[in-house]
Amino acid sequence: MDCVIPFLVVVGDTEGNGGMKEFLTFFRYQNKAGKLYKWMLLIALTAFSFTCAYIRTFFNEYYVGLCAKDMLVFFSRDGMILAMTGGISTIRGLLFTYVDDNPNVIVRYNSKMKVFVYQSMSLLIITLIDMVVLYAVGIISAYIILGVYDNWHIDGSLFYNTVTRKGFSADIGVYEAVMYIMFILRKTVIVWCAGIISLLVEYITDWIRVAILATVFIYGVSITTHFSISRLDLRILDIYNMPKTVMYTALIALAGILFVIAGTVLSRRRQYYR
(Lines give C-alpha, C1' and ligand atoms only; values in the text may rest on other atoms or scores of the structure.)
Protein backbone atom coordinates (compact mmCIF):
# COMPACT_ATOMS: atom_id res chain seq x y z
CA MET A 1 0.00 0.00 0.00
CA ASP A 2 2.90 2.32 0.75
CA CYS A 3 4.07 1.72 -2.83
CA VAL A 4 0.71 2.49 -4.39
CA ILE A 5 -0.04 5.78 -2.59
CA PRO A 6 2.97 7.72 -3.98
CA PHE A 7 2.12 6.44 -7.46
CA LEU A 8 -1.47 7.66 -7.13
CA VAL A 9 -0.23 11.04 -5.93
CA VAL A 10 1.96 11.41 -9.02
CA VAL A 11 -0.85 10.31 -11.34
CA GLY A 12 -3.25 12.68 -9.61
CA ASP A 13 -0.81 15.55 -10.08
CA THR A 14 -0.41 14.63 -13.74
CA GLU A 15 -4.18 14.67 -14.33
CA GLY A 16 -4.34 18.32 -13.31
CA ASN A 17 -3.89 21.02 -15.92
CA GLY A 18 -0.47 21.97 -14.60
CA GLY A 19 0.67 18.35 -14.39
CA MET A 20 -0.56 17.55 -17.89
CA LYS A 21 1.16 20.64 -19.29
CA GLU A 22 4.34 19.57 -17.51
CA PHE A 23 4.09 16.06 -18.97
CA LEU A 24 3.48 17.38 -22.48
CA THR A 25 6.59 19.55 -22.15
CA PHE A 26 8.50 16.47 -21.01
CA PHE A 27 7.11 14.40 -23.90
CA ARG A 28 7.93 17.02 -26.56
CA TYR A 29 11.47 17.49 -25.28
CA GLN A 30 12.12 13.74 -25.08
CA ASN A 31 10.81 12.98 -28.57
CA LYS A 32 12.42 16.00 -30.21
CA ALA A 33 15.79 15.01 -28.78
CA GLY A 34 15.24 11.38 -29.78
CA LYS A 35 14.05 12.22 -33.33
CA LEU A 36 10.71 10.38 -33.16
CA TYR A 37 9.98 10.71 -36.88
CA LYS A 38 13.03 8.64 -37.88
CA TRP A 39 11.90 5.73 -35.71
CA MET A 40 8.35 6.01 -37.04
CA LEU A 41 9.80 5.68 -40.54
CA LEU A 42 11.58 2.49 -39.46
CA ILE A 43 8.28 1.06 -38.16
CA ALA A 44 6.60 2.03 -41.45
CA LEU A 45 9.32 0.33 -43.52
CA THR A 46 9.06 -2.80 -41.36
CA ALA A 47 5.28 -2.91 -41.85
CA PHE A 48 5.65 -2.44 -45.61
CA SER A 49 8.30 -5.18 -45.84
CA PHE A 50 6.15 -7.70 -43.97
CA THR A 51 3.09 -6.77 -46.03
CA CYS A 52 4.95 -7.41 -49.28
CA ALA A 53 6.34 -10.69 -47.92
CA TYR A 54 2.90 -11.94 -46.86
CA ILE A 55 1.35 -11.03 -50.20
CA ARG A 56 4.13 -12.69 -52.19
CA THR A 57 3.99 -15.85 -50.05
CA PHE A 58 0.25 -16.40 -49.72
CA PHE A 59 -1.38 -14.73 -52.71
CA ASN A 60 -1.60 -17.88 -54.85
CA GLU A 61 -2.89 -20.05 -51.99
CA TYR A 62 -6.39 -18.55 -52.25
CA TYR A 63 -8.14 -18.58 -55.60
CA VAL A 64 -10.01 -15.36 -54.86
CA GLY A 65 -6.74 -13.71 -53.86
CA LEU A 66 -5.94 -11.65 -50.82
CA CYS A 67 -7.31 -8.30 -49.67
CA ALA A 68 -5.98 -5.41 -47.60
CA LYS A 69 -7.92 -6.47 -44.48
CA ASP A 70 -6.09 -9.79 -44.50
CA MET A 71 -3.17 -7.95 -42.92
CA LEU A 72 -5.17 -8.08 -39.68
CA VAL A 73 -4.90 -11.86 -39.87
CA PHE A 74 -1.26 -11.98 -40.99
CA PHE A 75 0.01 -9.44 -38.47
CA SER A 76 -1.15 -11.73 -35.65
CA ARG A 77 -0.48 -15.06 -37.34
CA ASP A 78 3.04 -15.45 -35.94
CA GLY A 79 5.17 -13.58 -33.46
CA MET A 80 7.68 -12.22 -35.96
CA ILE A 81 6.07 -8.88 -36.71
CA LEU A 82 5.28 -8.29 -33.02
CA ALA A 83 8.89 -9.07 -32.15
CA MET A 84 10.28 -6.78 -34.85
CA THR A 85 8.05 -3.76 -34.35
CA GLY A 86 7.84 -4.28 -30.59
CA GLY A 87 11.61 -4.54 -30.34
CA ILE A 88 12.10 -1.36 -32.35
CA SER A 89 9.51 0.50 -30.30
CA THR A 90 10.93 -0.66 -26.96
CA ILE A 91 14.57 0.04 -27.81
CA ARG A 92 13.60 3.46 -29.13
CA GLY A 93 11.75 4.14 -25.86
CA LEU A 94 14.85 3.15 -23.86
CA LEU A 95 17.05 5.42 -25.95
CA PHE A 96 14.59 8.25 -25.45
CA THR A 97 14.79 7.80 -21.67
CA TYR A 98 18.57 8.14 -21.94
CA VAL A 99 17.88 11.77 -22.80
CA ASP A 100 16.49 12.10 -19.26
CA ASP A 101 19.67 10.73 -17.63
CA ASN A 102 20.60 14.18 -16.45
CA PRO A 103 20.62 15.81 -13.00
CA ASN A 104 18.90 18.84 -14.52
CA VAL A 105 15.82 16.68 -15.13
CA ILE A 106 15.48 16.01 -11.41
CA VAL A 107 15.98 19.70 -10.64
CA ARG A 108 13.26 20.60 -13.14
CA TYR A 109 10.64 18.06 -11.99
CA ASN A 110 11.78 17.75 -8.37
CA SER A 111 10.91 14.05 -8.18
CA LYS A 112 12.59 10.86 -9.38
CA MET A 113 9.26 9.08 -9.10
CA LYS A 114 7.54 11.66 -11.29
CA VAL A 115 10.24 11.26 -13.95
CA PHE A 116 9.66 7.48 -14.05
CA VAL A 117 5.88 7.92 -14.36
CA TYR A 118 6.40 10.44 -17.17
CA GLN A 119 8.77 8.05 -18.91
CA SER A 120 6.19 5.27 -18.63
CA MET A 121 3.42 7.49 -19.99
CA SER A 122 5.65 8.62 -22.83
CA LEU A 123 6.49 5.00 -23.62
CA LEU A 124 2.78 4.16 -23.78
CA ILE A 125 2.04 7.03 -26.17
CA ILE A 126 4.87 6.31 -28.59
CA THR A 127 4.01 2.59 -28.52
CA LEU A 128 0.42 3.44 -29.46
CA ILE A 129 1.68 5.67 -32.27
CA ASP A 130 3.91 2.85 -33.54
CA MET A 131 1.06 0.34 -33.61
CA VAL A 132 -1.20 2.78 -35.45
CA VAL A 133 1.57 3.31 -38.01
CA LEU A 134 2.07 -0.46 -38.29
CA TYR A 135 -1.55 -1.20 -39.17
CA ALA A 136 -2.09 1.95 -41.24
CA VAL A 137 0.93 1.26 -43.45
CA GLY A 138 0.07 -2.44 -43.69
CA ILE A 139 -3.55 -1.89 -44.73
CA ILE A 140 -2.87 1.04 -47.08
CA SER A 141 0.12 -0.55 -48.83
CA ALA A 142 -1.76 -3.86 -49.22
CA TYR A 143 -4.68 -2.00 -50.78
CA ILE A 144 -2.36 -0.21 -53.20
CA ILE A 145 -0.71 -3.49 -54.23
CA LEU A 146 -3.84 -5.68 -54.36
CA GLY A 147 -6.52 -3.14 -55.30
CA VAL A 148 -9.00 -4.95 -53.03
CA TYR A 149 -9.87 -3.77 -49.53
CA ASP A 150 -12.30 -6.47 -48.37
CA ASN A 151 -13.17 -9.94 -49.66
CA TRP A 152 -13.82 -11.60 -46.31
CA HIS A 153 -17.40 -12.49 -47.25
CA ILE A 154 -16.35 -14.46 -50.34
CA ASP A 155 -16.06 -18.24 -50.14
CA GLY A 156 -12.42 -19.21 -50.67
CA SER A 157 -10.88 -16.09 -49.17
CA LEU A 158 -8.29 -16.27 -46.38
CA PHE A 159 -10.69 -15.02 -43.72
CA TYR A 160 -13.64 -17.12 -44.92
CA ASN A 161 -11.58 -20.31 -44.94
CA THR A 162 -9.98 -19.55 -41.57
CA VAL A 163 -13.19 -18.95 -39.63
CA THR A 164 -15.50 -21.46 -41.31
CA ARG A 165 -13.03 -24.30 -40.70
CA LYS A 166 -13.33 -23.50 -36.99
CA GLY A 167 -17.13 -23.52 -37.18
CA PHE A 168 -17.62 -19.74 -37.08
CA SER A 169 -19.78 -17.62 -39.36
CA ALA A 170 -18.15 -15.28 -41.88
CA ASP A 171 -20.28 -12.52 -40.36
CA ILE A 172 -18.03 -11.43 -37.53
CA GLY A 173 -20.73 -9.28 -35.94
CA VAL A 174 -18.39 -6.48 -34.83
CA TYR A 175 -18.02 -2.97 -36.18
CA GLU A 176 -14.91 -2.63 -38.31
CA ALA A 177 -13.62 0.33 -36.31
CA VAL A 178 -13.93 -1.67 -33.07
CA MET A 179 -11.97 -4.53 -34.61
CA TYR A 180 -9.12 -2.23 -35.66
CA ILE A 181 -9.06 -0.59 -32.23
CA MET A 182 -8.84 -3.93 -30.43
CA PHE A 183 -5.96 -5.17 -32.59
CA ILE A 184 -4.04 -1.93 -32.07
CA LEU A 185 -4.72 -1.76 -28.34
CA ARG A 186 -3.72 -5.39 -27.72
CA LYS A 187 -0.34 -4.95 -29.41
CA THR A 188 0.11 -1.60 -27.67
CA VAL A 189 -0.35 -2.94 -24.14
CA ILE A 190 1.84 -5.99 -24.85
CA VAL A 191 4.71 -3.87 -26.16
CA TRP A 192 4.19 -1.32 -23.38
CA CYS A 193 4.53 -4.03 -20.72
CA ALA A 194 7.73 -5.29 -22.35
CA GLY A 195 8.98 -1.71 -22.47
CA ILE A 196 8.29 -1.10 -18.78
CA ILE A 197 10.09 -4.35 -17.87
CA SER A 198 13.13 -3.22 -19.89
CA LEU A 199 12.95 0.21 -18.27
CA LEU A 200 12.93 -1.46 -14.84
CA VAL A 201 16.05 -3.39 -15.82
CA GLU A 202 17.70 -0.10 -16.78
CA TYR A 203 16.73 1.43 -13.43
CA ILE A 204 18.04 -1.58 -11.50
CA THR A 205 21.37 -1.89 -13.34
CA ASP A 206 21.90 1.80 -14.23
CA TRP A 207 23.13 0.51 -17.59
CA ILE A 208 21.12 1.01 -20.75
CA ARG A 209 23.03 -1.70 -22.63
CA VAL A 210 21.75 -4.32 -20.20
CA ALA A 211 18.20 -3.03 -20.68
CA ILE A 212 18.57 -3.30 -24.47
CA LEU A 213 19.91 -6.85 -24.07
CA ALA A 214 16.86 -7.62 -21.91
CA THR A 215 14.63 -6.32 -24.71
CA VAL A 216 16.41 -8.49 -27.28
CA PHE A 217 16.00 -11.48 -24.94
CA ILE A 218 12.26 -10.85 -24.41
CA TYR A 219 11.51 -10.62 -28.12
CA GLY A 220 14.06 -13.27 -29.08
CA VAL A 221 12.33 -15.75 -26.78
CA SER A 222 9.06 -14.66 -28.38
CA ILE A 223 10.30 -15.87 -31.76
CA THR A 224 12.13 -19.02 -30.79
CA THR A 225 10.00 -20.64 -28.04
CA HIS A 226 6.39 -21.34 -27.12
CA PHE A 227 6.81 -19.31 -23.91
CA SER A 228 6.47 -15.94 -25.56
CA ILE A 229 4.58 -12.68 -25.37
CA SER A 230 3.31 -13.32 -28.89
CA ARG A 231 0.88 -15.83 -27.35
CA LEU A 232 -0.83 -12.83 -25.75
CA ASP A 233 -1.46 -11.23 -29.12
CA LEU A 234 -4.98 -10.99 -30.50
CA ARG A 235 -6.08 -13.54 -33.11
CA ILE A 236 -8.91 -13.01 -35.54
CA LEU A 237 -11.01 -15.75 -33.91
CA ASP A 238 -10.75 -13.92 -30.56
CA ILE A 239 -12.90 -11.13 -32.00
CA TYR A 240 -15.89 -13.46 -31.90
CA ASN A 241 -15.71 -13.33 -28.09
CA MET A 242 -15.46 -9.59 -27.52
CA PRO A 243 -16.04 -9.57 -23.72
CA LYS A 244 -13.15 -12.00 -23.23
CA THR A 245 -10.99 -10.01 -25.64
CA VAL A 246 -11.62 -6.76 -23.76
CA MET A 247 -10.99 -8.46 -20.41
CA TYR A 248 -7.63 -9.93 -21.48
CA THR A 249 -6.53 -6.60 -22.94
CA ALA A 250 -7.46 -4.86 -19.68
CA LEU A 251 -5.56 -7.49 -17.64
CA ILE A 252 -2.40 -6.95 -19.69
CA ALA A 253 -2.77 -3.19 -19.21
CA LEU A 254 -3.21 -3.78 -15.47
CA ALA A 255 0.02 -5.77 -15.42
CA GLY A 256 1.75 -2.81 -17.03
CA ILE A 257 0.37 -0.48 -14.35
CA LEU A 258 1.68 -2.80 -11.63
CA PHE A 259 5.12 -2.71 -13.28
CA VAL A 260 4.94 1.09 -13.25
CA ILE A 261 4.09 1.06 -9.53
CA ALA A 262 7.12 -1.15 -8.93
CA GLY A 263 9.19 1.30 -10.95
CA THR A 264 8.15 4.25 -8.79
CA VAL A 265 9.68 2.40 -5.83
CA LEU A 266 12.90 1.55 -7.68
CA SER A 267 13.18 5.11 -8.99
CA ARG A 268 14.18 6.34 -5.53
CA ARG A 269 17.57 4.63 -5.82
CA ARG A 270 18.20 5.79 -9.37
CA GLN A 271 21.33 7.90 -9.82
CA TYR A 272 21.62 10.58 -12.51
CA TYR A 273 25.13 11.16 -13.70
CA ARG A 274 25.28 13.47 -16.68
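This passage describes helix H9, the nonpolar cores and one pocket of a predicted model.

Helix H9 comprises the 30 residues 176–205. At 1.5 Å a residue, a helix with this number of residues should span 44 Å, and the end C-alpha atoms of H9 are 44 Å apart, so the expected and computed spans agree. Most of H9 is covered, with 21 of its 30 residues buried. The helix is followed by aspartate 206, which has a positive phi, near 60°.

The largest nonpolar core contains 50 residues. Those that touch the most other members are Leu134, Trp152, Met179, Phe183, Ile236 and Ile239. At least two residues of this core come from each of several helices, among them H3 (36–58), H5 (80–98), H7 (112–146), H9 and H11. H9 supplies the largest share, 10 residues. When residues up to four places away in sequence are not counted, methionine 179 touches Lys69, Leu72, Trp152, Ile172, Val174, Ile236 and Ile239. A second core, separate from the largest, has 14 residues, including Leu123, Trp192, Ile208 and Ala211.

The second largest pocket has a volume of about 220 Å³. Its lining includes Arg186, Arg231, Asp233, Arg235, Asp238 and Lys244, together with Leu232, Asn241, Thr245, Tyr248, Leu251 and Ile252. By residue class, the lining of this pocket divides into six charged, four nonpolar and two polar residues. Helix H11 (residues 242–266) gives the most to this lining, contributing five residues.

Methods
Residues numbered from 1 in each chain as written. Predicted model: local features only at pLDDT ≥ 70, side-chain atom pairs only at ≥ 80, totals over all residues. Heavy atoms only, no water. Helix = DSSP H or I, 4+ residues; strand = E, 2+ residues; numbered from the N terminus. Expected span 1.5 Å × (residues − 1). Buried < 20%, exposed > 50% of the residue type's maximum accessible area, 1.4 Å probe, protein only. 1 Å grid on protein atoms, 1.4 Å probe; cavity = no way out; pocket = protein on both sides within 12 Å on 5 of 7 lines; lining within 4 Å. Points joined across faces, edges and corners; volume = space filled by probe spheres on them. Nonpolar A, V, L, I, M, F, W, Y, C, P; charged D, E, K, R; others polar. Core = buried A, V, L, I, M, F, W, Y, C linked by side-chain atoms within 4.5 Å. Contact = heavy atoms within 4.5 Å.
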